[in-house]
Amino acid sequence: MLHYRYAWRKLPTWHLPNDFSPTTFVSIIIPARDEAENIEACLQSILAQNYPTSLFEAIVLDDHSTDATPDLVRNIGDERVRLIPLADFIKADETQSFKKKALEVGIHAAQGSLIVTTDADCMAQPNWLALLVSFYEENGLQFIAAPVNFYQEQSTFERFQSLDFMGMMGIAGAGVQSNWMRMCNGANLAYEKSLFESVGGFDGIAELASGDDMLLMQKIAQRSPEKIGYLKNPNVTTFTPAKPTLSSFIQQRLRWATKSSSYPETWMTIALATVFLFCCQIPLSFLLGVFWRTELFIVAIILLIGKAIADYLLLSEMATFFQRRDLLRSFFPAFWMHLIYIIGIGIAANLKKEYVWKGRKVQ
């Protein structure tokens, strides 16, 4: 955790150049399934960008929605927004990698040389595109990861998710900075269309329902690691709601965790395994202290204190950067939730390789 904190601090913060005049046409790809509650706000935040209106388009891929999502997209009434029904390309029961298929279709139809992906339940800040494109044009990068955070928390459980996610953003930036491990989130990514096509898109990783972001990133890193960057600026962050229920949270985290054994980067697997085994060691030490040797209680307490200090050092750094120090008031309950979550999801993801997502049971 100290390594992550150091690498995050070493990662330069990118600022929008005063004389920035973009030349890149951007295609924003948004897969959407049953997002009637969110899609209008998402598109309005994109259409309100401080970026030339003639230099971007938004393509919504409707993934067999059963609600009013496609109608709401059509009613936006802006020529920069296009709707493509995924049903024109694939049947509802033909694959379990619907998001990857949606992205492939959207990228193929894109007019832009730079692809930007986000989710239909996300909100973008006004300088989102300007920051992404300036970072892209000035640095000659081909794949750019940027932060995603939860917002509008209504409970301690949701604040725990925000702290956890904020920590992951720090680890993602630190990993890219140190070339140690590469993480990203598909709700805020940018990459060249030609790069996606040159690596064969999702070929080789298409069998997994998730992984349209990190598996693609690591696939590209195997060929051109120097072309990958992380944009560190709080104003480029996209925002999405935390999961309101335990059930929806578990399904989300199972979706992320079930692909962990497929990462091509060995350090990623080692890091994930280390965290999982360390967390498991805490309750194990307590149990062994009860049934075997009482001295192991001291070991468990030392492990707990060590985890608390390490977590707080990273999370306080991230909360300060993203101007969310209010979340640290929930650190102690979030600390226990995180311990339970790591152990529970870690076990479940390795024993049960399926979950429910967007009303579909997938593996």
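Helix 8, which runs over residues 214-221, is mostly covered up: 8 of its 8 residues are buried. Keep in mind that you're looking at a predicted model. Below you'll find what packs over this helix, then a pocket, then two residues with an unusual backbone angle.

**Helix 8 and its cover**
- The buried residues of helix 8 are Met214, Leu215, Leu216, Met217, Gln218, Lys219, Ile220 and Ala221.
- Several helices help cover them, including helix 6 (156-178), helix 7 (193-198) and helix 10 (266-291).
- Strands join in too, among them strand 6 (143-145), strand 8 (189-192) and strand 9 (228-230).

**The second largest pocket**
- This pocket holds about 390 Å³ of space.
- It's lined by 18 residues, and the ones closest to its centre are Asp34, Glu35, Asn38, Lys243 and Lys358.
- Sort the lining by type and you get 8 charged, 6 nonpolar and 4 polar residues.
- Helix 9 (246-257) and strand 11 (355-357) each give at least two residues to that lining.

**Two residues with positive phi**
- Most residues other than glycine have a negative phi.
- His64 isn't a glycine, yet its phi is positive, at about 50°.
- You'll find His64 in the loop between strand 2 (56-62) and helix 3 (69-74).
- His64 has 15% relative accessibility, so it counts as buried.
- Asn179 isn't a glycine either, and its phi is positive at about 55°.
- Look for Asn179 in the loop between helix 6 and strand 8.
- Asn179 has a relative accessible area of 52%, so it is exposed.

Key. Residues are numbered from 1 along each chain as its sequence is written. This is a predicted model: local features need pLDDT of at least 70, side-chain atom pairs count only at pLDDT 80 or more; totals for chains, interfaces and linings use all residues. Side-chain values use heavy atoms; hydrogens and water are left out. On a 1 Å grid over the protein atoms alone, a cavity is a set of points where a 1.4 Å probe fits but cannot get out, and a pocket is an open set with protein on both sides within 12 Å along at least five of seven lines; lining residues have an atom within 4 Å of a point. Grid points are joined across faces, edges and corners, and a volume is the space filled by probe spheres set on the points. Helices (H or I, at least four residues) and strands (E, at least two) are DSSP runs, numbered from the N terminus. Ala, Val, Leu, Ile, Met, Phe, Trp, Tyr, Cys and Pro count as nonpolar, Asp, Glu, Lys and Arg as charged, and the others, Gly among them, as polar. Buried means under 20% relative accessible area, exposed over 50%, partly exposed in between (1.4 Å probe, protein chains only). Contact means heavy atoms within 4.5 Å.
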